[in-house]
Amino acid sequence: QHLEERGQTLKQKKELEGQITEAGRAMAQNMDAQFALTMYALGQVYSKLEKPHQAASCYLKVLNRQLKMKDIDRTSWIQNAANLALYYIAEYELPQAEHCLNAADLFMPREPS
């Protein structure tokens, strides 16, 4: 009987750990979404203050954070990465522009061969 009780306790512990893990994942996703939203808003502020380099830095952080998120609009993400690349090209920051374009290309849907 003691072993049976211990088995039940272990089962309950595993169930609780699963619930905690799922709650932790949900909280992390919410934090990622809030961070992305905050960085986007900060980028908007920097744009209004005519500080495009700081705005671009914020937008790059948004794109990077969105990659961690499950429900991301791929088309919008690709367009945003391409637009950010245009900024970096205009500023002659070609490695950053290339990085954005390569990331957008990796996200593009492919036709089956």
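Reader: Which residues does tryptophan 77 touch, leaving out those up to four places away in sequence?
Author: This is a predicted model, where local features need pLDDT of at least 70, side-chain atom pairs count only at pLDDT 80 or more, and totals for chains, interfaces and linings use all residues. Numbering runs from 1 along each chain as its sequence is written, and side-chain values use heavy atoms, with hydrogens and water left out. Taking contact as heavy atoms within 4.5 Å, tryptophan 77 touches Leu63, Gln66, Leu67, Ile72, Ala103, Ala104 and Phe107.

Reader: Okay, which element gives the largest share of the largest nonpolar core?
Author: A nonpolar core here is a set of buried (under 20% relative accessible area, 1.4 Å probe, protein chains only) Ala, Val, Leu, Ile, Met, Phe, Trp, Tyr and Cys residues joined through side-chain atoms within 4.5 Å. The largest one has 14 residues, with Trp77, Leu84, Tyr88 and Cys100 making the most contacts inside it. Two or more residues each come from H2, helix H3 (74–90) and helix H4 (94–107), helices being DSSP runs of H or I, at least four residues, numbered from the N terminus. The largest share, 7 residues, comes from H3.

Reader: And which side chain meets arginine 65 in a salt bridge?
Author: The structure holds 1 salt bridge, meaning a side-chain nitrogen of Lys or Arg within 4 Å of a carboxyl oxygen of Asp or Glu. It links distant parts of the chain, 33 residues apart, with arginine 65 in helix H2 (residues 52–66) and its partner in helix H1 (residues 2–48). That partner is buried, at a relative accessible area of 13%. At 3.1 Å, N to O, arginine 65 meets aspartate 32.

How values were computed. Buried means under 20% relative accessible area, exposed over 50%, partly exposed in between (1.4 Å probe, protein chains only).
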